[in-house]
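Reader: I should like to examine how the terms used for this structure are justified. Please set each value against its definition.

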Amino acid sequence: ASGWITSDDFYRAVTDKHPYPVKGLVVFGANLLVSHVDTERGEEALSKLDFHVHIDLFMTPTARYADVFLPVNTSWERRALRLGFEMDEAAQSHVQYRHPVLESRGESRSDEWIAFAFAERLGLSDQFWNGDADAAYHEMLEPTGITLEDLMQAERGISCPVETPFRRYQSDAGFQTPSRRIEIWSEQFATHGYALLPEYVAPAMSPVTRPNLSLRYWLVLTSAKSHAFCHSQHRNLPSLRKLQREPLAELNPDTAAARGINNGDRIIVQTPKGQIRVRAKIRKDLAPNVVAGQHGWWQACEALGMDERPASGAQSTNLNAIIGNEDQDPVSGSTPQRSYLCEVR
C-alpha cells in the first residue's frame with residue numbers, strides 16, 4: 001500500500017522475473033551493494049539489468065554497474081524546501097526555503113532538475129506540474145497558508161501555528177488504524193495470518209534456531225554504524241577518517257583470548273556467506289558470544305593513502321557482503337543484520 005519494496009524484492013524481480021521482470025533502474029544516491037545485505041546477489045541483479053542510470057556525488061560500488069552516471073550537485077549548490085524539522089512542536093511548525101550558496105560545479109545538476117528532466121523526456125510533464133518546480137513548491141506549501149514568495153524572502157524561515165489534537169480516540173477521525181483506536185490486539189495482523197499480540201520469536205539465524213550451523217559458527221554477529229560517518233559515506237574525508245581509519249569488530253576479552261587475538265590485530269570475520277578483513281577491538285562489556293561489526297566500509301581516502309576496498313570478496317571490508325537475506329522477517333521485511341552467525345580468526 002505504501003509503495004515500498006525491499007532490495008530482496010528488487011533482486012528477485014531482476015534475476016527470477018518474479019512477480020514480473022524488472023529490466024531498468026534509476027538510482028538517486030542509494031549504495032545498495034554496501035548498505036544492503038547479500039552483496040553478491042545484488043551484484044548479480046545489477047549486472048543483468050538492461051539499463052541502469054545512477055545519480056550520485058561519487059562513483060560508488062553500486063554506481064559502477066550503471067550504464068549512465070549523472071553527477072548530482074551538493075546541498076550547497078541547490079535550493080531546497082524544508083517543511084518541519086522533526087523535533088518538538090515548534091520545529092514541526094517551521095518552514096524554510098534554502099537558497100543555493102554556490103554555483104553548480106561542472107556538469108552537476110540538482111535531484112530536482114534531473115527528476116523534472118526525466119519527466120519531460122518520458123512524456124510525463126503533466127504529472128510534474130508541467131515542468132514548473134515552483135508550482136510543486138506552491139502545492140506543498142498550500143496547507144500552511146505560506147506563499148513561496150514570502151518564504152523566499154524570510155532568511156530564517158517562517159513558523160506557522162500547529163494545533164496538537166488531544167483525546168483523538170474520542171473524535172470521529174481517531175488514529176490511523178482500521179479501528180481508529182490505539183491497537184494492541186491487531187486485527188490487521190490476524191487477517192494476514194500473524195499473531196494478534198506481540199510475541200517473542202528467536203532470530204532466524206541464531207544458535208537456537210540453527211544448531212547445526214552453530215557447531216561451526218559459534219558467535220552471534222551484530223552490527224552498528226560508526227558515529228564518525230554517515231552510512232556508507234564520508235570515509236574519503238581525512239578529518240573524519242583520522243577518527244577511525246579502519247572498520248572494527250568488537251570482541252569480549254575472553255572470546256579474543258581463546259582465539260589468540262589481541263587488541264588491534266587484523267582479523268577475519270567469517271559467516272556462512274563469506275568473509276571480511278577488519279581490526280579487532282576488545283570490549284569488556286560485550287557478551288562473550290557476540291561480535292559487533294560495522295557496516296558502510298568501502299571508500300578510499302587518498303589524502304591518507306588508504307585504498308578503496310571491493311564490495312565483495314576476500315579483500316572486502318563490507319559487513320553486509322557476509323550477511324544473507326534468505327531469512328527475511330515476513331512482517332517487516334527486515335534482514336538479520338543484528339543477528340547472524342559467525343566465527344573470527
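Author: Buried means a relative accessible area under 20%, exposed means over 50%, and partly exposed lies in between (1.4 Å probe, protein chains only). The model is a predicted one, in which local features need pLDDT of at least 70 and side-chain atom pairs count only at pLDDT 80 or more, while totals for chains, interfaces and linings use all residues. Residues are numbered from 1 along each chain as its sequence is written, and side-chain values use heavy atoms, with hydrogens and water left out.

Reader: Why is glutamate 250 called buried or exposed?

Author: The relative accessibility of glutamate 250 is 12%. Buried means under 20%, so glutamate 250 counts as buried.

Reader: What makes the contact of glutamate 250 with arginine 283 a salt bridge?

Author: A salt bridge requires a side-chain nitrogen of Lys or Arg within 4 Å of a carboxyl oxygen of Asp or Glu. For glutamate 250 and arginine 283 the N to O distance is 3.1 Å, so the definition is met. The pair links distant parts of the chain, 33 residues apart: glutamate 250 is in strand 8 and arginine 283 in the loop between strand 10 and strand 11. Here helices (H or I, at least four residues) and strands (E, at least two) are DSSP runs, numbered from the N terminus. Arginine 283, at 27%, counts as partly exposed.

Reader: How many salt bridges does this rule give?

Author: The count comes to 16. One of the pairs is glutamate 112 with arginine 79, whose closest N and O atoms are 3.2 Å apart. Glutamate 112 lies in helix 5 and arginine 79 in the loop between strand 3 and strand 4, so the pair ties together parts 33 residues apart in sequence.

Reader: Why is arginine 210 called buried, partly exposed or exposed?

Author: Its relative accessibility is 30%, which falls between the limits for buried and exposed, so arginine 210 counts as partly exposed. The side chain of arginine 210 meets that of aspartate 327 in a salt bridge at 3.5 Å, N to O.

Reader: How do you know that strand 4 and strand 5 pair?

Author: Two strands pair if DSSP finds at least two bridges between them. Strand 4 and strand 5 share four bridges in the antiparallel sense, so the requirement is fulfilled. Both belong to an open sheet of three strands with the order 4-5-6.

Reader: What makes strand 4 and strand 6 edge strands?

Author: Each of these strands pairs on one side only.
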